[in-house]
Every structure is written in C-alpha cells, then in structure tokens.
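Trainee: I'd like to go through the labels on this one and hear what backs each of them. Let's have it on screen before we start.

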Amino acid sequence: MDGIRIHAVESSNLICRQGCEQLLRIARQDGANHHVFVLAPLKDVEFELAGLLGYAKAHDERLWSLQEQRFARWTALVDQMLGELAGSKVLQRIKQGFTDLEDILHSVWLVEEVSTGVRHYFEKITDSWVADLLCHYASSQSYHADLIEYQSLLARTEIPEQLLFVYGNLPQAEGKVPVDGVSEYGASYLAGHLHAEGVTFWNNVSLLRNADSAEVPSALVIRNLSYSEATELSFFGAPIIHPQSLLPAIEQSINVQLRCWKHEDDQGTIISKEGDLDGPTRVKGFSIVHDIALINVEGAGMSGVVGIAGRLFSAMREASISVVLITQASSEYSICFAVPEDQMEKAVLTARSEFAHELQNTSIQSIEGEGGLAILAAVGKQMTGQAGVAGKFFSSLGKASVNVIAIAQGSSETNISAVIKAQDSKKALRALHARFFLSKQALSVGLIGPGSIGGTLLKQISRESVRLKEQFGLDIHIRGIANSKRMILDQDGIDPANWKQRFEQEAIELDLDLFTRHIGATYFPHSLIIDCTTSAQLAQHYATWLEMGIHVITPNKKAGTAPMPYYRQLLDTCLRTGRRFLYETTVGAGLPVIWTLKDLVQTGDRVHRIEGIVSGTLAWLFSSYDGTVPFSTLVRKAKDMGYTEPDPRDDLSGMDVGRKTVILARELGYDVEVADIPIQSLVPASLEKGSIESFMQHLEVLDPLIESAYQEATRKGERLRYVGVVEENGRCSASLKSFGPDHPFAQARGTDNVICFTTDRYFEQPLVIKGPGAGRDVTAGGVFSDILRLAAYLGARI
C-alpha cells in the first residue's frame, strides 16, 4: 500500500507530553500519508504492572500499596497529557482495568502461581493504555488516529487512519532476539504485510556510526548500508542493528531506517538492498568483537590429510562451542580459529581430546589457546574487487604499531577481519578511522604559549580555517592549548574564536605528558605541536615529540641555538622519522629568511657572508632614536607595543641577535655555539640580574652609552644599527655599528629587518630581504605560514 511508513518505537519514550509532541513532529515531517507506530512492551518501572504478579505470588503485603502507586501514576499521566475532559474515556478504561487486574492478583495470591498467559495479559493491557493515550492525544491535535492490537491489524488490507498505534503480543524471530528488538521485528514483518514504503527503527542508544564513538570520538554517522553490510556490522557488535529484525524487510526489499530518539533531527542510516553504490568510501564501518581467544592447532602431519578440519569443527559443534573466525595456512601446517574467551579452555580440551592419537604420535605438535584478544573488522560491500583496500587496512595497523595475529577475509570481500591484542583495539580503531574517513590533511594541533603571538595565531586560524578546509582540504583541529601552568584538552577540537573563555572555565593543571599523548593521538593522520614560548626547557622536548611522530613548529630560538649535540639530534630525528621541525620565525619573524637561505644552499650557491638587522626590537629603537627622546623612553614604548621579548634584556643584551646569527650560521653547516661568539650587550652590568620590573625602573642607566655612540656616528654622517654577522669561515658576531646613508641598513625604518646575503650569484649586489621583523601579527603570520608549508608537505592543495 502506497504512502505507509511503519515505526518501531519504545513505549517508555511516549508516556510524557514531550514524547507525544515529538512523535507528532516526526509524523508531520515525514512524507508518508499514513504512519503505523508499533509500540514495544512498556518497561518503565513506574508504570508497568506485570511486576506486581511476583509480589502476589510471594504473598508480599507491599503489593497493595504498589498497586495504588501505579494507579496514581497512570491517572496523573492522563491528566498531564489529556486533561480531565479529554481524558475521561481513557481514565475510565484504566480504572476498569485496575479493577480487573486486582481480581487476578487475588487469584495469584491464592494459587501462588503465575501463568504465561496471565503475564502476557498484564503486559498487553498496559500497552493498550499507552496506545489509547497516544490516540486521544493525537486526536486532540486534529489527527485522524486509532489504536489496534497487532494480530487484528494483520487481518487488515487498508490503513485509512493518518496515525495508527499498534500494541499487543508482537511476533518474534527464531533464535535469540534482544529485548529492545521485539518491536523492530514486528514492525519489519508488518511492513512486508502492508507493502509499506519503508520502516523506521527508533532506538534510545545512538546513531549508527562507522566506529564506536566511545573509542573513536570523531566517528561519523553511516548514512547508507546494504543488507549484507548491516548484517556483517551487527555480527561485529554494532549495538543498534538486530539482524533478525531485518529479515522480513529483506525478503520484501523494503528500506529500513535506523534513527535515534535522542537525535530527532538526524535522519540516521538507510539500509537497503544495494546500499550506497556512489559513496566516496569503500569501507562503511569498523567494529570490534571483544573477549576473544584464538585456538591454534599445529602439526606437519596435517598436511594433505583429508578430514582434519571436518573433525575439528564437528567436535566444536558437538561441544556447543561457537567458532567466530577460521583461518588456515595454505601449507595446511596449522589451523587457527577464534572462540569466545570464556570458552577457550573448553575448546582446547575438546580439540586435544579429538586429536589425542595425533598428539601422541606427534603428527600434531601442539594445540594451544591464547586469550586477551579482539577481532577487528572492516565492512564494506564496495571493497569487492577494489585494489588497495586491504593494503590500507594492514598498513594503517602497522603504522599504529598494532600487531596482527591472524587474518580472515571472505570470498565476497565484504569483510576483512584481523585478530589483535585486546589492549590495542582502541588504538587500532582510531588509526583505521583516520586513514579511511578523516581528511588526509587533518591536523591534530596543540598550542603551547597562547600569549601575544600564540593568541594572535589562534585568531588568524579562526578567520581562515573554513576557507583552508573548503579550498585546500586542510582541516585544522586545535585539540589542546597550554600555558606554563594550565591546559585545556578537547577530543574534537577547541574553537579558536572563543578559546579564552573555555580556558578560563575548563583549564586543568598542566600535565605535559598527557598533553603530548593527546595531541599525538593515533586516530589523527597528522599531529603538530606549536611552541610559542621562549622556554629553553620546553625546547628540550622537541626531539621526543618528533620521535613520537609529532611535527614541531616554533618561533622559539632556544632549540636552534641549543648545544650542537642536541641540535644534530633534532635534524637526525627529522631525517629518520620524516617529521618536520619548522622554525622560519626564529629569524626575521614573518620574512622568508630561513627558506631563502635553504634554497641558496640546496641549489649550490656559495654563501660568503650574511649580515643582518635581525632584531625588530633593536631595529625600531635605533631607527627611532635621534637624540631628542631618551633611549630609555623608547624601550618602554617598544615593550608596550609588543615589540620586545617578555624580558627586554633578551633584546638589549644582543643575545637575541646572537642566537639568530647562530641559527643562520648553522644553516650553512657551521658548528657554532652561542657562547663562542662575541656579543656586545647594551645592558649595563648593574642591570643584568634582578627582576624585569626592577630593570624597567632603572632603564635610564642606558641613556649615556647610547647617546655617546649616536653622537660619534652622527659626526661620521652615519646611522647606528645593531647587526649580526656570519663570515665565510663561520665566525659570528653581534654588535652596534654605524652605516652610511646609502647602505640598506641605514635606510631601514620602524621594525624593518634587513638581511644581506653575499654569495657567488649575488656577489656584486647582495641579495637583500627587507620587511617588518617584530610584532605579534607578523610573527604569528610567519608561524601560520609554517603550518601551510607543513600542510603542503603532507599533501594539501596549497
């Protein structure tokens, strides 16, 4: 019959006004002309009545007070849903029903026996009251509605009502049917009988996802499945698919829709004969069967002997042992099969008993069991004939360091199964989900140091993340943010637009190991930690992060200027692991200094000399200083504008320039330590120690030194600049110098960094890079550029 949709619904969802309203919304939004709601037996302890029979049988005096409580619940429910006038007929039926039930309870009290028929009667009468309530509620909302017992409906050939509520003893499939699947089988059978256009199974657990969301938080809802795919997933523990309930619909080729009552607006999953033939993914989902043991039968004497497998599995059948998976070596040297772990010992003893003679004459060497395992399955009808699916499956497990103990694949290729250690199941699921369902350029990102630069970077990512994902396939998930004391972690990602509010409300004590493990989660294709601090201690973790498979991006100069053994370890780890350590912003902020130098060296140009104004802070100070305003005043202003390091002494001591000079020298292959180079400090010895606050209060001590140097440069017609130099022999220096008006350094303005490369190609006229070298925006932009460079390396279309 055209225009009919059958629904299997839990009655417990409908014994409240909100549930009734939701049911009517569902009916309005669906395109069918007629809706048949098959109601599952009511299990709500506050309303069900069958439980009273146990009290009557046991002569428990609490029976009568419980009966009164149930009656009060039902009458209150009628008043809540229908009101006194509209619910008068329903209330009369309920009162009469309780009178009849009381007589039966007295009989049970006397005979001390409860028959199956009596129990079914109690269940049916409460279910009829639910249907009556729903029918009257729908009628009060101008729907043409009625109620009917299931068996009576089977005699019908037409459904004139808009809404029909079905109750009573529902049919059950043969074999084991879950309690919450009873109404589903009845609905499926009814859909075939009435030739309905479709059937919807409503569950209270979850939507059907391509992996268990408890183990894979990023699991996606499966939108389409074929009958065969659904059956495979149900065997491997998909919690809301009951294969027996599908059978009547499969016989009539009726589509089945799996939806969740808690997610009313989500259309859930459609199960049909062919499934989704045009879907982008060959694998529809992954499932795990836990508590598995593997029985291994080995022996050279089995090769070529007919009937070994037959004897083995006949013995298992006779012992009522469920065999879940079978695999056999082509040499016939071994047969292994999986059984539930609680049957392992019995299976081993059964096999040893069956092959006692072969064990004695050593034609079979051993029969052993191994517990603590799980079966991981990939299901997908379109895997059939598709090269590379199995390769991706097993290579993903290998990269996640998951050992595969046994493998099985049916000839239909709808299922690939692997036996693994139970302790690896979560790691394996996440690795597979990332490989098959997440964007290949999905980045799990952790940011340490959400201050001036880090906070600005988060703003930039917030503005551009949608565009990057849509245009270039780059999917940035900020999954962790930390400062020196606290951190916030999120499985799915922190919105960079409102991270501050969440950090204030949800941040917990910093645990760097936990932070690192979270960011490096194996269920993401790629992981990245961005260090926006100046911490030397944090820089010592970079090599460990790289070893863990986490890329590192930083404006922190401490790693690039660490002792040479550690610096070499960083580079060697990158080469060995394929992970990237990117640090463009350690010299020149957002200017392409490092990458330009790398290009020169890698293309064979010989670099003779590098000179540079590489401190945006000092560049601004000396381009602004003209003797009219004290140098100390300019330093305070630079700090307020965010041009200086948190401690301005890092700039004024020349150490910042010295570190950047060392970084450039190391790019040329020189073994240079910061301690080995002469660095002219502008900080008087009396201010080198002490707090930042104390230093800022006594800045005027600097003024005479700078004024004297300025006057001397002015007499020569030159301008003061603080410059770092790398000579061809690896000698480095950082000092205050003066330059004539035509020199690129003298022409620098504001925070401009100016770097001059004198090379074979650029000998007569050095290659000059010039631009802003300080400020949170340009530095954060430089870090962002490194993120995009990493993304391009990982395959993004950038």
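Trainee: Where is His 59 found?

Mentor: In the loop between helix H2 (52-57) and helix H3 (62-86). Helices here are DSSP runs of H or I with at least four residues, strands are runs of E with at least two, and both are numbered from the N terminus. Before we go on: this is a predicted model, where local features need pLDDT of at least 70 and side-chain atom pairs count only at pLDDT 80 or more, while totals for chains, interfaces and linings use all residues. Residues are numbered from 1 along each chain as its sequence is written, and side-chain values use heavy atoms, with hydrogens and water left out.

Trainee: Why is His 59 called partly exposed?

Mentor: Its relative accessible area is 33%. Buried means under 20%, exposed means over 50%, and partly exposed is in between (1.4 Å probe, protein chains only), so at 33% His 59 gets the middle label. His 59 also has a positive phi of about 55° although it is not a glycine.

Trainee: And what makes His 195 count as exposed?

Mentor: Its relative accessibility is 53%, so it falls in the exposed class. His 195 is in the loop between helix H7 (182-194) and S5, and its phi is also positive, near 55°.

Trainee: How do you know that S5 is largely enclosed by the rest of the structure?

Mentor: Count the buried residues: 6 of the 6 in strand S5 (residues 198-203) are buried, so the description holds. Gly 198, Thr 200 and Trp 202 point one way, Val 199, Phe 201 and Asn 203 the other, and all are buried.

Trainee: What joins S5 to S1 and S7?

Mentor: Bridges. Two strands pair if DSSP finds at least two bridges between them. Strand S1 (residues 4-10) is joined to S5 by 4 bridges, and S5 is joined to strand S7 (residues 256-260) by 5, so both meet the criterion. Each of these pairs runs parallel. On the S1 side, Arg 5 has Gly 198 as its bridge partner in S5; on the S7 side, Asn 203 stands opposite Cys 260.

Trainee: Why is Ser 444 called buried?

Mentor: Its relative accessible area is 0%, and that puts it in the buried class. Ser 444 is in strand S15 (residues 442-448). Leaving out residues up to four places away in sequence, Ser 444 touches several others, including His 477, Arg 479, His 518 and Phe 524. A contact means heavy atoms within 4.5 Å.

Trainee: How do you know that the buried residues of H10 line one face of the helix?

Mentor: H10 (residues 308-318) has Ile 308, Leu 312, Ala 315 and Met 316 as its buried residues. Seen down the helix axis they fall within an arc of 100°, so they line one face. That arc is taken over the directions from the helix axis to the C-beta atoms. The face turned away from the buried side carries the exposed Arg 317 and Glu 318. The buried residues pack against strand S9 (285-298), strand S11 (334-340) and helix H11 (344-354).

Trainee: Now helix pairs. What makes H3 and H5 roughly parallel?

Mentor: H3 and helix H5 (residues 116-140) pack at an angle of about 30°, with their axes 10 Å apart. Axes are lines fitted to C-alpha atoms, for helices over the stretch in contact, and angles run from 0 to 180 degrees between N-to-C directions. Under 35 degrees counts as roughly parallel, over 145 as roughly antiparallel, 65 to 115 as roughly perpendicular, and the rest as oblique, so about 30° makes H3 roughly parallel to H5. The contact includes Trp 74 and Leu 77 of H3, and Trp 129 and Tyr 137 of H5.

Trainee: Why are H15 and H28 called oblique to each other?

Mentor: Helix H15 (residues 452-472) and helix H28 (residues 776-794) pack at about 50°, with axes 8 Å apart. That angle fits none of the other classes, so they are oblique. Among the contact residues are Ile 453 and Leu 457 of H15, and Phe 784 and Ile 787 of H28.

Trainee: Which hand do the two crossings have?

Mentor: H15 passes H28 in a right-handed crossing, and H3 passes H5 in a left-handed one. Left-handed means that the near helix is turned anticlockwise from the far one by less than a right angle, and right-handed means clockwise.

Trainee: Last one: what makes S24 and S26 the edges of their sheet?

Mentor: The open sheet of 5 strands has the order S24-S23-S22-S25-S26, with antiparallel pairing. Strand S24 (732-739) and strand S26 (767-772) each have a single partner strand, so one side of each is left without a neighbour in the sheet.
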